[in-house]
Amino acid sequence: MDEHQRREYWRRNLRLMAVLLTIWALVSFGAGILFVEPLNEVVVAGFPLGFWFAQQGSIITFVILIAVYVTRMDKLDAEFGIDEYEEEVHHS
Amino acid sequence: MSDIQTWTLVFVVLTFSIYIFVAYRSRVSTTSGFYVAGGGIPAPANGAAIAADWMSAASFISMAGIIAFAGNGYGGSVYLMGWTGGYVLLALLLAPYLRKFGKYTIPDFVGDRYNETARLVAVVAAIVVSFVYVAGQMAGVGLVFTRFLKVDPTTGVIIGMAIVFFYAVLGGMKGITWTQVTQYTVLIIAYLIPAVAVSAKVTDVPIPQIGFGTILAELDALQTELGIPEYTAAFGSTNMLNMLLITASLMFGTAGLPHVIVRFYTAKSVRAARYSALWALFFIALLYTTAPSVAAFSKLQIIEDVNGTALSDMPSWFNTWSEVGLITQADGSAISALPADTTVNYSDILINNDIIVLASPEIGGLPAPIVGLVAAGALAAALSTASGLLLVISSAVANDVYFKKINPQATEARQLMVGRIAMAGAIVVAGYLGINPPGFVAQVVALAFGLAAASFFPILVLGIFWKNCTAMGATAGMLAGLVTTMAYMLWTIDIYGNGAGVFGILETGFGTIGMLINFAVTIIVSQFTPKPSPVMQELVEEIRYPGRTELVSKHAQGEVG
């Protein structure tokens, strides 16, 4: 990778991180805590929605966020031709 | 021997034999194998090992009970969100970059990126945090042996020590990792079977994550009747500010704990480190989404069974656990002090958080083999976490202190021997702490997250993402975060000062404030202190890109740094 490509790779990595971390904060601190009271007015399958986000929804979202991150990074690595991972050795 | 004891013995002997077999198959002869399993663990296996390492006796035995009984129900969400949300931070901000950097331990990264003072602080912090934790695991092992096999806790802890000794000293990280994969399997089966059975029995929905929705309205009504805030009510036990701060403190603390971070060094590559984080959180989420349902079902069942029942008519689990003093009167005195015809009100009794999961098969009326399986699962959770922590202690002593400071010329064989001796020593100390737990262990474990958040997390993230973060900045930030957090804890915690604190912030949430202080101090001091060397700046640049890069390889060989 030349200097320009490096900068582009890093910029796109940071943008992906920013989007994912925003969602991370919105489901946990947002839906699970800050807005829990209005959300609790809505009840789905017996769960007040705010309570559901705090005890189920946020955890499920976290798993999805990491899944999106690893697949997007795989694509990004392939695009920039730095995906020859497995030959990489650990410190001698 | 009762049915339950027989089945427990069968499962314990069976699982322990498997652990020993697995460990014998994966014994090691190199330092790289001992510290990081040669960096050759496939991602799903590494994820399962991280999950077992992470989910301790506290997650398996105590968490559902804490959700059900420590607050109103919603209050326990801080643990559910905090102990899983940290993995998003790990996956996105730390794991890939630390893996690319290479090396064996967190102090290694801190020392190489910053300086020797920072390395020393990191070594001490890693050892202290790990010992505090491991004592809790050993005590958990003792608890299970006492309750289910009726041996005394000391014998239980010694049996546990012997097993860990065998596979950790022999196999190092490789033995520990493959044993943890087995232990994860045991603990998740043991957790899910009773949860699914109870959910199917009570609601006809065999998926506990969905099933417990149908009983929440009933539980809310029951708690209102008993004069407790509704189970699902927001801020019934903790206010909004503290919910935010405690959740954040647990999240950032998770991302700063040495025994979790070190596991990403065992991955095969940067890509495998990312996938390890994904698998780890997936495996953890299986238990963490089940725990709140176990909490809700158990609480409903317990209130219905106990409230308004005469002592002579109590179900057998009530008597079993009140005999060993884990169910008491509200003032802590024994249940047996009451006349047999007393009618019990729910508010008159105190149920220990630790019994909910262990007693849940009995409470749900499940057969004896399942009770035995749960006991084996609890042991798996405690032993897997203990071994991971012991490895951090051993590698800190052998790699960061002995090899880096005392004898840099040591041969590989000699380093390995020091590692094994350190491991053996750590097991003995951990066993002692498990048998004679200092009274403050439980509190310190909860606080360890705040300390990790306030010390490690900011300097790791800044060290990776900000080339101009200086050694003096990081050291000042780490000390500022650590000192303010510890001072606040000492000031407010019951056993020390019991001060009121500021704005009603609980000591468990203050780590978040300490972390912000650390970030601020590190950034400000870095503006006025000498920049890192050009080589170091280039190195920090290189860890951003996966794949083989020249400078990182040279650094790993010790040629630059």
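## A tour of chains A and B

Select chain A to begin: among its contacts with a separation of 6 or more, 53% join residues that are 24 or more positions apart. What you have open is a predicted model, and for the complex the predictor gives an ipTM of 0.92 together with a pTM of 0.90.

**Chain A as a whole**

Colour chain A by secondary structure and you should find three helices and two strands, which follow one another along the sequence in the pattern α-α-β-β-α. The radius of gyration of chain A is 19 Å, well over the 12 Å that the globule rule gives for 92 residues, so chain A is more spread out than a compact globule. If you turn the C-alpha trace of chain A along its principal axes, the spans are about 55 × 30 × 20 Å. Of the 92 residues in chain A, 36% are buried.

**Two annotated spans in chain A**

Next, select residues 16–36 and then residues 42–70 of chain A, both of which carry the feature "transmembrane region" in UniProt, where the entry is unreviewed. In residues 16–36 of chain A, 95% of the span is helix and 0% is strand, and the end C-alpha atoms lie 27 Å apart. Residues 42–70 of chain A are 76% helix and 14% strand, with 33 Å between the end C-alpha atoms.

**Where chain B touches chain A**

Now show both chains and pick out the residues in contact, of which 49 belong to chain B and 44 to chain A. On the side of chain B that touches chain A, the elements that give two or more residues are helices H2 (31–36), H5 (77–101), H9 (208–211), H10 (216–225), H11 (240–254) and H13 (270–306) of chain B. Which of these should be highlighted to see the largest share of that side? Select H13(B), from which twelve residues come. Colouring the side of chain B that touches chain A by residue class gives 27 nonpolar, 16 polar and six charged residues.

**How confident the predictor is in chain B**

Finally, colour chain B by pLDDT, which averages 84, with 94% of the residues scoring at least 70. Which elements of chain B have the lowest and the highest mean pLDDT? The lowest, 71, is found in helix H22 (residues 550–556) of chain B, and the highest, 93, in helix H20 (residues 510–528) of chain B. Where pLDDT is low, the predicted coordinates should not be read in detail.

Terms used
Residues numbered from 1 in each chain as written. Chains lettered and ligands numbered in written order. Predicted model: local features only at pLDDT ≥ 70, side-chain atom pairs only at ≥ 80, totals over all residues. Contact = placed C-beta atoms within 7 Å. Helix = DSSP H or I, 4+ residues; strand = E, 2+ residues; numbered from the N terminus. Nonpolar A, V, L, I, M, F, W, Y, C, P; charged D, E, K, R; others polar. UniProt positions renumbered as here; feature names shortened; annotations may be inferred. Rg over C-alpha atoms; globule rule 2.2 N^0.38 Å. Buried ≥ 20, exposed ≤ 12 C-beta atoms within 10 Å, placed from the backbone. pLDDT = per-residue confidence, 0-100.
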